[in-house]
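Welcome! Here are a few exercises to work through with the model open beside you, each followed by a solution in small steps.

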Amino acid sequence: AFTDDDCIPDRNWLKEILNNFNKYERISAIFGTVVSYKPEGTNIKNLFCPSTFEPNDSRFHFKPISHLNNVGFGNNFAYRTKDIKQIGGFNEYLGPGSQAKAAEDADIILRSLINKKYIFTCAKAKVGHNRWLSSKELLYLHRDYFIGQISCYGYYLSYGYSFALKVLISDLLFLTNFSELKMRYGLQGIKMLYLAFIKGWMNVSIMRIHELRKKTLFYQFKC
């Protein structure tokens, strides 16, 4: 089971995960709810809590789909050990500390579903996210998330997966809404996001070139 060092699991978190793994033997992974967590006495005025995910109900996933609004995030999920090993584990070119900055959770979701692994979003498996950012800090985080998303979905598009095209078109349309971007992020923020879009595609090229040199795939598409 995975969560982050700024998350506080609900007292029934592991119980919900274990019960659903036992109940649904064919599912490989479980993603859960992430709500903002405000410690008592903390002043959060003008601060924002990122990376929350609050599904209305639990659901199964059988086909690749955008993780953002449908499956969940890497700060609340669990995976059967044998299944995560079968698909090759995490891709080190994605996530914190990598050039792509983020999207290791998106990749593990997409690669699982491509490999016919079933995923369950469990609304009752909850953690609280105790991270509060200023508007400037949030902008830098969104930049990193954007780099990761373009890197991950761009890679899958390079192999012809249509689900990735839908996500990337949505990202491109987001960048063309200049007036809204200016109001939300300012001119500096717009420049950062445009550069993030370019850097994401550069990462896709780097991964593909590395594959050609090593004659192997980063992503194991078939088990």
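## Exercise 1: The largest pocket

Strand E1 (2–3), helix H3 (104–114), helix H4 (135–158), H5 and helix H6 (178–214) each supply at least two residues of the lining of the largest pocket. Keep in mind that this is a predicted model.

**Task.** Describe the largest pocket: what is its volume, which residues lie nearest its centre, and which element gives the largest share of its lining?

**Solution.**
1. Begin with the space itself: the largest pocket holds about 1,200 Å³.
2. Next, look at the wall. The lining is made up of 42 residues, and those nearest the centre are Ser-51, His-67, Leu-68, Phe-73 and Tyr-145.
3. Now sort by element: H4 brings the largest share of this lining, with 8 residues.
4. Finally, sort by class: 20 residues of the lining are nonpolar, 12 are polar and 10 are charged.

## Exercise 2: The second largest pocket

**Task.** Find the residues that line the second largest pocket, and say which element gives the most to that lining.

**Solution.**
1. The volume of the second largest pocket is about 160 Å³.
2. Its lining consists of Phe-48, Ser-135, Lys-136, Leu-138, Leu-139, Tyr-140, His-142, Arg-184, Tyr-185 and Gln-188.
3. Two elements, H4 and H6, give two or more residues to this lining.
4. H4 gives the most, with 6 residues.
5. By class, the lining of the second largest pocket splits into 5 nonpolar, 3 polar and 2 charged residues.

## Exercise 3: The two sides of helix H5

**Task.** Work out how far helix H5 should span from end to end, then decide which of its residues are buried and which are exposed.

**Solution.**
1. H5 covers residues 162–176, which makes 15 residues.
2. At 1.5 Å a residue, the expected span is 21 Å, and the C-alpha atoms at the ends of H5 are indeed 21 Å apart, so the two values agree.
3. Buried means under 20% relative accessible area. In H5, this description fits Phe-163, Ala-164, Val-167, Leu-168, Asp-171 and Leu-175.
4. These buried residues cover an arc of only 130 degrees around the axis, so they sit on the same side of H5.
5. On the other side of H5, the exposed residues are Ser-162, Lys-166, Leu-173 and Thr-176.

## Exercise 4: Gln-99 and the cavity

**Task.** Locate Gln-99, list what it touches, and find which residues line the largest cavity.

**Solution.**
1. Gln-99 belongs to the loop between helix H2 (81–86) and H3.
2. With a relative accessible area of 44%, Gln-99 is partly exposed.
3. Setting aside residues up to four places away in sequence, Gln-99 touches Ile-147, Lys-199, Asn-203 and Ile-206.
4. The structure holds 1 cavity of 30 Å³ or more. The largest cavity has a volume of about 40 Å³.
5. Lining the largest cavity are Tyr-93, Leu-94, Gln-99, Ala-100, Asn-203, Ile-206 and Met-207.
6. This lining has 5 nonpolar residues, 2 polar ones and no charged ones.

## Exercise 5: A residue in H3

**Task.** Is Ser-112 buried or exposed, and which residues is it in contact with?

**Solution.**
1. Ser-112 is located in helix H3.
2. Its relative accessible area is 0%, so Ser-112 is buried.
3. Apart from neighbours within four places in sequence, Ser-112 is in contact with Tyr-79, Ile-87, Lys-117 and Ile-119.

Notes
Residues are numbered from 1 along each chain as its sequence is written. This is a predicted model: local features need pLDDT of at least 70, side-chain atom pairs count only at pLDDT 80 or more; totals for chains, interfaces and linings use all residues. Side-chain values use heavy atoms; hydrogens and water are left out. Helices (H or I, at least four residues) and strands (E, at least two) are DSSP runs, numbered from the N terminus. The expected span of a helix is 1.5 Å times one less than its number of residues. Buried means under 20% relative accessible area, exposed over 50%, partly exposed in between (1.4 Å probe, protein chains only). The arc is that of the directions from the helix axis to the C-beta atoms. On a 1 Å grid over the protein atoms alone, a cavity is a set of points where a 1.4 Å probe fits but cannot get out, and a pocket is an open set with protein on both sides within 12 Å along at least five of seven lines; lining residues have an atom within 4 Å of a point. Grid points are joined across faces, edges and corners, and a volume is the space filled by probe spheres set on the points. Ala, Val, Leu, Ile, Met, Phe, Trp, Tyr, Cys and Pro count as nonpolar, Asp, Glu, Lys and Arg as charged, and the others, Gly among them, as polar. Contact means heavy atoms within 4.5 Å.
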